[in-house]
Amino acid sequence: QVQLVESGGGLVQAGGSLRLSCAASGRTFTNYNMAWFRQAPEKEREFLVVIRYSGGTYYGDSVKGRFTISRDNAKNTVTLQMNSLKPEDTAVYYCAAGTQSTTYERGYNYWGQGTRVTVSS
């Protein structure tokens, strides 16, 4: 089992920045690809970005150029730096861990409880 706990959500004005963190515990962190998804009200969960255990990254189009993912294997954490935030970024953000590197939810075995981000206009 892998336990994931997100933090760092909150309220920010459009154009601002937030940094989300995901702390992992349990099985060996370095074995897993780590991803961020989000779910806005009445919308399906959306893939944002994945960072592979090797460090390679892949970004979804909606956040490319604005969000940056990083991982610290020594601290078992993944960070999502979010810049130039827009009201449409308002959602609950989820951290996920899996052995696949994919944009699909089903590729991830473990999920955090989510952290809410609200971007005001």
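**Exercises on the aromatic rings**

In this predicted model, the charged end of R71 is placed over the ring of F29, at 4.5 Å from the ring's centre.

**Exercise 1.** Find which residue lies over the face of Y94, and give its distance from the ring centre.

*Solution.* Looking at the face of Y94, we find R45, which lies over that face at 4.0 Å from the ring centre.

**Exercise 2.** Determine how the rings of F37 and W111 are arranged, and where in the chain the two residues lie.

*Solution.* We begin with the count, which comes to six aromatic pairs. For F37 and W111, the ring centres are 5.0 Å apart and the planes stand at 55 degrees, so this pair is tilted. Turning to the chain, F37 belongs to strand β4 (residues 33–39) and W111 to strand β10 (residues 110–111), and the pair thus links distant parts of the chain, 74 residues apart. As for accessibility, F37 counts as buried because its relative accessibility is 1%, under the limit of 20%, whereas W111, with a relative accessible area of 26%, is partly exposed.

**Exercise 3.** Classify the pair formed by Y108 and W111, and decide whether Y108 is buried or exposed.

*Solution.* The ring centres of Y108 and W111 lie 6.4 Å apart, and their planes are at 75 degrees; since angles over 60 degrees count as edge-to-face, the pair is edge-to-face. Y108 has a relative accessibility of 5%, and therefore counts as buried.

**Exercise 4.** Name the residues that ring pairs link into a cluster.

*Solution.* W111 pairs with F37 and also with Y108, and the cluster linked by ring pairs consists of F37, F47, Y58, Y108 and W111.

How values were computed: Residues are numbered from 1 along each chain as its sequence is written. This is a predicted model: local features need pLDDT of at least 70, side-chain atom pairs count only at pLDDT 80 or more; totals for chains, interfaces and linings use all residues. Side-chain values use heavy atoms; hydrogens and water are left out. Rings of Phe, Tyr and Trp (its six-membered ring) pair if their centres lie within 6.5 Å; planes under 30 degrees apart count as stacked, over 60 as edge-to-face and the rest as tilted. Helices (H or I, at least four residues) and strands (E, at least two) are DSSP runs, numbered from the N terminus. Buried means under 20% relative accessible area, exposed over 50%, partly exposed in between (1.4 Å probe, protein chains only). A charge sits over a ring if NZ of Lys or CZ of Arg is within 6 Å of the ring centre and within 35 degrees of the ring normal.
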